Amino acid sequence: MAIQIPTRLLFIDGEWREPVLKKRIPIINPASEEIIGSVPAATAEDVELAVEAARRALARNKGRDWASASGAVRAKYLRAIAAKITERKSELAKLEAIDCGKPLDEAAWDVDDVAGCFEYYADLAEGLDAQQKASISLPMEQFKSHVLKEPIGVVGLITPWNYPLLMATWKVAPALAAGCAAILKPSELASVTCLELAAVCREVGLPPGVLNILTGLGHEAGAPLASHPHVDKIAFTGSTITGSKIMTAAAQLVKPVSLELGGKSPIVVFDDVDIDKAAEWTAFGVFWTNGQICSATSRLIIHENIAAEFLDRLVKWIKNIKISDPLEEGCRLGPVVSGGQYEKILKCISTAKSEGATVLSGGARPEHLKKGFFVEPTIITDVTTSMQIWREEVFGPVLCVKTFSSEDEALELANDTHYGLGAAVISKDLERCERVSKALQAGIVWINCSQPCFCQAPWGGNKRSGFGRELGKWYGFLGIVTSIQRDVIVAVSLLSVASFSSSLGLLIEIDIAFTWSLVIQEIDL
Ligand SMILES: NC(=O)C1=CN([C@@H]2O[C@H](COP(=O)(O)OP(=O)(O)OC[C@H]3O[C@@H](n4cnc5c(N)ncnc54)[C@H](O)[C@@H]3O)[C@@H](O)[C@H]2O)C=CC1
Ligand code: BAL
Ligand code: NA
């Protein structure tokens, strides 16, 4: 299974380029703690070059080569990227597994999702031309109006390490479909597959500068990108604290941002469930990708009538999870991404203990693994709502548990958080599921499941989990230009101006007043 990590440079203007300051960052395999290669470390100097390249890509041939080309032209490149990704699936999955520690099978699903996401946005790019100039009905017949959707411009995409290539794709595919030029800054903890995306873009002949990929540290490469005056939008996924820094930098230039941040998502389990199935979804919701998912349902809120039996089954269930090197056959739980995350998770567990909680299962390094950043799947009970483990994101395989006796109490516990990304409800009573899903304060609500995610459906959070939506048709890289036209030029009367601006005002207000909550339901549970 040995696999060579390619040695790559930065990808700027369609070419491989050495970073101006020639710095590199070691790649650490989290399963062995060994250094297995390095990635280039971009700094502000390289950001400058990439932004210039992206602006040139937008302006080339007066925009006709990319930004205002027909959607079908861009779709052709997106489909070619999808095909190459699929061709290289097994190699990309291995690179992902070695770099970020996720089991090989899961990494392979991610690569399928990456190809699927490029395909989906190819379809949307093709459909875009037909949607242009959608007319708006106005209350005054002398005026007519339509809407043009235009690419926002040069966009900075800053992404995390939990789904390195997939999270990059969630931003790159819609940005390119819309006709933007992009600069991707992946996480320094797992950048290998994003540099392979650069290799794919070269192979398919993506026009130079349309996508630039700068690996590097957050403060050295991410920060200058976020504050760059010629970057028109930043789309970010990562921690709430970094999201807040990015928003602060962008605010100086009134630059739009979309932020997909942390979470402390609840899973509410009622007492009418099939205990085995509900336990399996509960385990999946928090241990998949080692709990390193922004939407991990890491707070179990379980009906007191079944709590003891449910926890007993859950503990038995997780004892069967195979924890090993991600490349080993049958691995279900690999190491967490880095030494820093490993220390952070163990510290969260020890703080929970010192605050009076009980570690029901796990809580340490698995005995059979002497090396690597491995943490056992962990269940914590006797939790109070003031404890850190209840309030703060762990981003590791740690579930904390509280019981409830009524639906109102369950909802109060579920919504007792500053975050609002995901939430799940499990019950056989579908009316109750519907009621509860409406009352849960989260951008994504799962019914009788947890974590399934589809690029066709909008994704994003409320409260301190951020704002803006990714995926689906809410792809966030198109600006809207409203055209208002009068058939014949006549003298402007005060009355007509006043009434048309009030109708426009209403339109805008409706647009910003909504927040979405997506519901995903498992039909057969
Ligand atoms: N919501 C999510 O999907 C994620 C949440 N997290 C949370 O964050 C914690 C720490 O993980 P980190 O890797 O440190 O996350 P992070 O939020 O610092 O990193 C995410 C991305 O932001 C970049 N970045 C960091 N500082 C920046 C700055 N000042 N300006 C611009 N870009 C910057 C990083 O290089 C990386 O590409 C985790 O324990 C977890 O709680 C981490 C990764 C993903
Ligand atoms: N599948 C969810 C990816 C995330 O952590 O954002
Ligand atoms: Na790594």
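How much area does the protein expose, and what share of it do carbon and sulfur atoms supply? In this predicted model, the protein exposes about 21,900 Å², and 55% of that comes from carbon and sulfur atoms.

Let's look at the overall shape. The C-alpha trace spans about 75 × 55 × 40 Å along its principal axes. For 525 residues, a compact globule would have a radius of gyration near 24 Å, and the protein has 24 Å, so the two agree. The chain folds into 15 helices and 23 strands. Take the contacts between residues at least 6 apart in sequence: 74% of them join residues at least 24 apart.

Now for the inside. Of the 525 residues, 55% count as buried. There are two nonpolar cores to look at here:

| Core | Residues | Some members |
|---|---|---|
| Largest nonpolar core | 139 residues | Val-269, Leu-300, Phe-310 |
| Another core, apart from it | 33 residues | Tyr-342, Ile-345, Ala-410, Ala-423 |

In the largest core, Val-269, Leu-300 and Phe-310 touch the most other members. Helix 4, residues 104-131, gives the most to this core, with 14 residues. Try finding Leu-300 in the structure: leaving out residues up to four places away in sequence, Leu-300 touches Ile-267, Val-269, Thr-282 and Phe-310, among others. Its partners also include Leu-399, Cys-400, Val-401 and Lys-402.

Finally, the charges. The protein carries 52 positive and 63 negative side chains. The centres of these two sets lie 5 Å apart.

Notes: Residues are numbered from 1 along each chain as its sequence is written. Chains are lettered from A and ligands numbered from 1 in the order in which they are written. This is a predicted model: local features need pLDDT of at least 70, side-chain atom pairs count only at pLDDT 80 or more; totals for chains, interfaces and linings use all residues. Side-chain values use heavy atoms; hydrogens and water are left out. Helices (H or I, at least four residues) and strands (E, at least two) are DSSP runs, numbered from the N terminus. The radius of gyration is taken over C-alpha atoms; the globule rule is 2.2 Å times the number of residues to the power 0.38. Buried means under 20% relative accessible area, exposed over 50%, partly exposed in between (1.4 Å probe, protein chains only). Contact means heavy atoms within 4.5 Å. Accessible areas come from the Shrake-Rupley method with a 1.4 Å probe; for residues, only the protein chains shown count as cover. Lys and Arg count as positive and Asp and Glu as negative; His and the chain ends are not counted. The place of a charge is taken as NZ of Lys, CZ of Arg, CG of Asp or CD of Glu. A nonpolar core is a set of buried Ala, Val, Leu, Ile, Met, Phe, Trp, Tyr and Cys residues joined through side-chain atoms within 4.5 Å.
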